[in-house]
Amino acid sequence: MSFRTPEILRSVILDDVRGAQKMLSGVARMTPMEGSRHLTRLVGAPVHLKCENLQRTGSFKLRGAYVRIAGLRPEERAAGVVAASAGNHAQGVALASSLLGVRSTVFMPVGAPLPKVAATREYGADVRLVGHVVDETLAAAEEYARETGAVFIHPFDHPDIVAGQGTVGLEILEQCPEVRTILVGVGGGGLVAGIAVAVKALRPDVKVIGVQAEGAAAYPPSLAAGRPVSIDAPTTMADGIKVGRPGDVPFKIIGDLVDDVRTVSEGELSSALLLCLERAKMVVEPAGASTVAALLSDPTSFEGPVVALLSGGNVDPLLMQRILRHGMAAAGRYLSLRLRLTDRPGALAGLLGALSVADANVLDVSHVRTDPRLGLTEVEVELHLETKGPEHCEEVAATLRANGYTILD
């Protein structure tokens with residue numbers, strides 16, 4: 001069975017996106033757009049957040065999945081559909097299939113977050129856990145399609161998927177007609193390609209800028225080469241945009257219509273997720289926060305008003321905990337110190353008293369007494385502190401030095 005036919009490689013035009021919008025009426029929500037005063041001050045122009053993290057299933061993926069499955073012929077629907085995904089696409093396909101009365105089978109990696117697995121099952125899919133990496137899971141789904149005749153629903157590389165995701169662009173123009181720049185997270189490219197098709201057809205003056213994680217940035221080298229190029233072992237916490245090769249369908253559109261593709265670091269992703277939670281009160285996954293990370297990395301380079309798309313909010317609670325700690329460290333709100341004390345009663349109490357005066361919150365304390373570098377009466381103390389930012393970190397260190405403590409390298 002071939003997954004790459006001439007029909008699949010056709011391009012997408014504005015009429016396709018408008019048709020998808022009609023098809024999605026009553027299915028996908030018009031998600032809200034919220035202003036951000038903090039980002040507006042930072043950028044020096046109005047910044048709005050397009051909240052697809054509040055879409056049904058928690059991401060934009062429902063849009064493309066529904067349009068793709070709704071466009072199947074009756075005999076294709078009867079054969080059912082199959083998909084491979086670690087999360088958002090899985091849930092989109094599962095709900096879309098249930099709404100359309102189509103049987104769905106979704107292959108997910110063995111290590112997929114349990115909340116995403118549970119949600120996909122609750123939306124009606126037969127979930128099968130196969131493989132430890134997405135490539136293995138994808139191969140299993142394609143093999144299932146060949147054996148059963150089920151239609152494989154690609155997460156980004158099909159014109160119907162691109163057209164469905166493009167409906168986000170129509171909503172942005174309706175909700176913020178004065179927009180000058182739209183930021184979109186990029187994995188395989190279906191979302192930014194669809195948005196670019198809609199926006200550039202109606203407002204060619206608006207800049208559409210893609211954002212990728214540095215460790216999974218396949219588009220910059222692909223655009224430079226003029227063809228999709230695979231990168232080895234993409235690595236990023238943003239699993240929603242962790243794609244090693246651009247899709248053929250979105251690649252051509254992006255090359256023609258998208259103004260720029262930028263990259264952001266893991267630290268910037270963590271800081272952006274923390275900002276969304278604290279300032280916007282939005283639970284956003286790392287991929288969804290990539291656009292905010294781009295604003296944080298180079299705030300004055302965007303012409304406003306700016307719309308930053310929060311593409312999804314499906315984040316595992318344990319991952320969220322780790323990311324928030326990483327984000328707080330990147331923002332200078334964690335401080336780790338090592339000091340040597342005289343090993344006598346009251347020494348630690350005196351140190352904690354000095355930290356209390358400095359208004360630092362102690363998260364963890366560990367003692368080392370057996371290091372050969374230590375004297376007979378010495379103990380090394382490692383402290384993990386919560387602070388108010390980089391300036392406060394300096395104040396805490398200065399207070400300790402003023403009290404006679406030596407901070408080790």
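How many disulfides does the count come to? The count comes to zero disulfides in this predicted model. The legends below take the close-up views in turn.

**Figure 1. Overview of the predicted protein chain.** The chain has 409 residues, and buried residues make up 54% of them. Its secondary structure comes to 16 helices and 13 strands. The C-alpha trace spans about 80 × 50 × 40 Å along its principal axes.

**Figure 2. Close-up of Cys51, a cysteine in no disulfide.** The nearest cysteine sulfur belongs to Cys276 and is 8.9 Å away from that of Cys51. A disulfide needs the two sulfur atoms within 2.5 Å. Cys51 counts as buried because its relative accessibility is 0%, under the 20% cut-off. Cys393 is another cysteine to view here. Its relative accessibility is 12%, so Cys393 counts as buried too.

**Figure 3. Close-up of the parallel pair β4 and β5.** Strand β4 covers residues 104-108, and strand β5 covers residues 126-129. Four bridges join the two strands in the parallel sense. Across the pair, Met108 stands opposite Leu129 of β5. Between the strands, the chain passes through helix α6, residues 114-122. This β-α-β crossover is right-handed.

**Figure 4. Close-up of Val127 in strand β5.** Is Val127 buried or exposed? Val127 is buried, because its relative accessible area is 8%. A second residue, Ile172, gives a distance to compare with the sequence. Val127 and Ile172 lie 45 residues apart in sequence. In space, their C-alpha atoms are 34 Å apart.

**Figure 5. Close-up of Phe60, in the loop between β2 and α3.** Strand β2 covers 47-51, and helix α3 covers 61-70. Phe60 has 9% relative accessibility, so it counts as buried. Which distance separates Phe60 and Ser311 in space? The two are 6.1 Å apart, C-alpha to C-alpha. In sequence, 251 residues separate Phe60 from Ser311.

**Figure 6. Close-up of the largest cavity, with a volume of about 40 Å³.** Rolling a probe the size of a water molecule over the atoms shows where empty space is left. The count comes to one cavity of 30 Å³ or more. Its lining is made by Ala79, Gly80, Val81, Arg103, Ser104, Thr105, Tyr144, Thr148 and Ala150. Strand β4 and helix α7 (134-148) each supply at least two of these residues. By class, the lining of the largest cavity has four nonpolar, four polar and one charged residues.

**Figure 7. Close-up of the second largest pocket, which holds about 270 Å³ of space.** The lining residues are His38, Leu42, Ser271, Leu274, Leu275, Glu278, Arg279, Leu296, Ala330, Ala331 and Arg333. Two or more of them come from each of α2 (37-43) and α12 (266-279). Which element gives the most to this lining? Helix α12 does, with five residues. By class, the lining of this pocket has six nonpolar, two polar and three charged residues.

Key: Residues numbered from 1 in each chain as written. Predicted model: local features only at pLDDT ≥ 70, side-chain atom pairs only at ≥ 80, totals over all residues. Heavy atoms only, no water. Pairing = 2+ DSSP bridges. Right-handed = clockwise from strand over helix to strand, strands pointing away. Buried < 20%, exposed > 50% of the residue type's maximum accessible area, 1.4 Å probe, protein only. 1 Å grid on protein atoms, 1.4 Å probe; cavity = no way out; pocket = protein on both sides within 12 Å on 5 of 7 lines; lining within 4 Å. Points joined across faces, edges and corners; volume = space filled by probe spheres on them. Nonpolar A, V, L, I, M, F, W, Y, C, P; charged D, E, K, R; others polar.
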